[in-house]
Amino acid sequence: MELVVTEEQRELRTALRRFFADKSPSTVVRRLMETPEGYDPAVWTQMGDQLGLQGLAIPEEYGGSGFGFRELVIVLEEMGRVLLCAPYLSSVVLAAGALLNSGDENAKKNLLPGLAAGTTIGTLAFTEEDGRWEADGIGMRARPDGGAWVLDGTKAFVLDGHVADLVLVVARTDAGLSLFAVAGDAAGLNRTGLPTLDQTRKLATLEFAGVPARLIGTQGAAGGVLATTLDQAAVALAAEQLGGAQRVLEMSVDYAKVRHQFGRPIGSFQAIKHKCADMLIRVESSRSAVLYAAATIDTDPSQLPTVASLAKAYCSDAYFDAAAENIQIHGGIGFTWEHDAHLYFKRATSARLFLGDPAHHREQLAQHIGI
């Protein structure tokens, strides 16, 4: 397995860091998190037209660039670094991933080009009101109606569900879990934004009342599709957590150099040194976990369930701990609304829970390796 970072990947990171520094400073993040949409359509269009980010890991035959997951996690890491407000995880990772994993060639040819171009925003609706991430928590039913399908029920905590043009819904039929495509403006679909701790990431409740839907793939085959998609999303989210953890480490070190107490920089105090050193170890270990997991997706997908849970569990704790330490190192100012430390702490907290908390993934990991 090749874990060496290529020159192409380094150039990609450099271009992304420059672009996101310009388009997503904290002033813009604070403005966008107060809007109902939660993202800037103009920047979203630029991401597709100028950088091709939405189609980066989508095969060329479906309108993408055909790169691998190793390139995709670089994008997500740089997004997490600046708390980018955009429906990237929902559209590119969850929606496009579910379509690619479905094996439905017609659906991929029809739906993926729009996602790859960024002209269509997609999401995956699978969690319900009990908030469980497991497939056995899905109770929503799909019923046949003539030659089509109809959905009734509620999906909760749907990432960017309020703005999605395409909603991929996991529901039950007599054959088992199945995947369906629904237009975001379909008749009978009611979408309501949810109040969230992390205002930079929008969630919605979707209520279906006789909503027409298109079956994707084969009836009863969505269990495996969902499992693979969520494992890939866990790795993607871990990469985003890595970017955030790296940024709060830098914030802590920079502040420790300039904040003076008792006539010297607080970075000279042993307690602060230990905090920063521990953060660095967690960040670099997270980087190794993400790089290995991304390479596994590209080269040995049979190991994905194991490495996905490992990466998500470790990076969740690393980001949460680093964000908390960042507030402590900043002292009183770190607790204020005006300082950005709380934005990273809230993202770390929400990302820790999204797609399963560390305890959930450690349990999954134990099962996968037979403990």
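## The second largest cavity

Helix H3 makes the greatest contribution to the lining of the second largest cavity, supplying three residues. The model described in this report is predicted. The volume of this second largest cavity is about 70 Å³. Its lining is formed by Lys23, Ser24, Val28, Leu32, Tyr39, Asp40, Val43, Trp44, Met47, Leu84, Cys85 and Ala86. Two elements, helix H2 (26–32) and helix H3 (41–49), each give two or more residues to this lining. Val28 and Leu32 fall within the range of H2, and Val43, Trp44 and Met47 fall within the range of H3.

In terms of residue class, the lining of the second largest cavity comprises nine nonpolar residues, one polar residue and two charged residues. The charged residues are Lys23 and Asp40, and the polar residue is Ser24.

## The largest cavity

Across the whole structure, a search finds four cavities of 30 Å³ or more. The largest cavity holds about 100 Å³ of space. It is lined by 17 residues, of which Ala86, Pro87, Asp160, Thr200 and Arg201 are the closest to the centre. Ala86 also belongs to the lining of the second largest cavity.

The lining of the largest cavity is made up of eight nonpolar, four polar and five charged residues. Among the residues closest to its centre, Asp160 and Arg201 are charged, whereas Ala86 and Pro87 are nonpolar and Thr200 is polar.

## Helix packing around H10

In general, a pair of packed helices is described by the angle and the distance between the two axes. Helix H10 (341–353) is considered here with two partners, H7 and H9.

For helix H7 (residues 222–258) and H10, the axes approach within 11 Å and cross at roughly 155°. H7 is therefore roughly antiparallel to H10, and the crossing of the two helices is left-handed.

For helix H9 (residues 304–330) and H10, the axes come within 9 Å, again with a crossing angle of roughly 155°. Because angles over 145 degrees count as roughly antiparallel, H9 and H10 are assigned to that category. H9 likewise passes H10 in a left-handed crossing.

## Positive phi values outside glycine

Two residues other than glycine are noted here for a positive phi. Phe157 has a phi near 55° and is located in strand S3 (residues 148–159). The relative accessible area of Phe157 is 35%, so this residue is classed as partly exposed.

Leu355, which is not a glycine, has a positive phi of about 65°. Leu355 is situated in the loop that joins helix H10 (341–353) to helix H11 (358–368). Leu355 is classed as buried because its relative accessibility is 7%, and the limit for that class is under 20%.

## Separations along the chain and in space

Ser285 is part of helix H8 (residues 270–299). With a relative accessible area of 30%, Ser285 is partly exposed. Along the chain, Ser285 and Leu99 are 186 residues apart, and 32 Å separates their C-alpha atoms.

Gly118 occupies the loop between helix H6 (105–117) and strand S1 (122–125). Its relative accessibility is 14%, so Gly118 counts as buried. Gly118 and Ala181 lie 63 residues apart along the chain, with a separation of 17 Å between their C-alpha atoms.

Conventions. Residues numbered from 1 in each chain as written. Predicted model: local features only at pLDDT ≥ 70, side-chain atom pairs only at ≥ 80, totals over all residues. Heavy atoms only, no water. 1 Å grid on protein atoms, 1.4 Å probe; cavity = no way out; pocket = protein on both sides within 12 Å on 5 of 7 lines; lining within 4 Å. Points joined across faces, edges and corners; volume = space filled by probe spheres on them. Helix = DSSP H or I, 4+ residues; strand = E, 2+ residues; numbered from the N terminus. Buried < 20%, exposed > 50% of the residue type's maximum accessible area, 1.4 Å probe, protein only. Axes fitted to C-alpha atoms, helices over the stretch in contact; angles between N-to-C directions. Parallel < 35°, antiparallel > 145°, perpendicular 65-115°, else oblique. Left-handed = near helix turned anticlockwise from the far one by under 90°.
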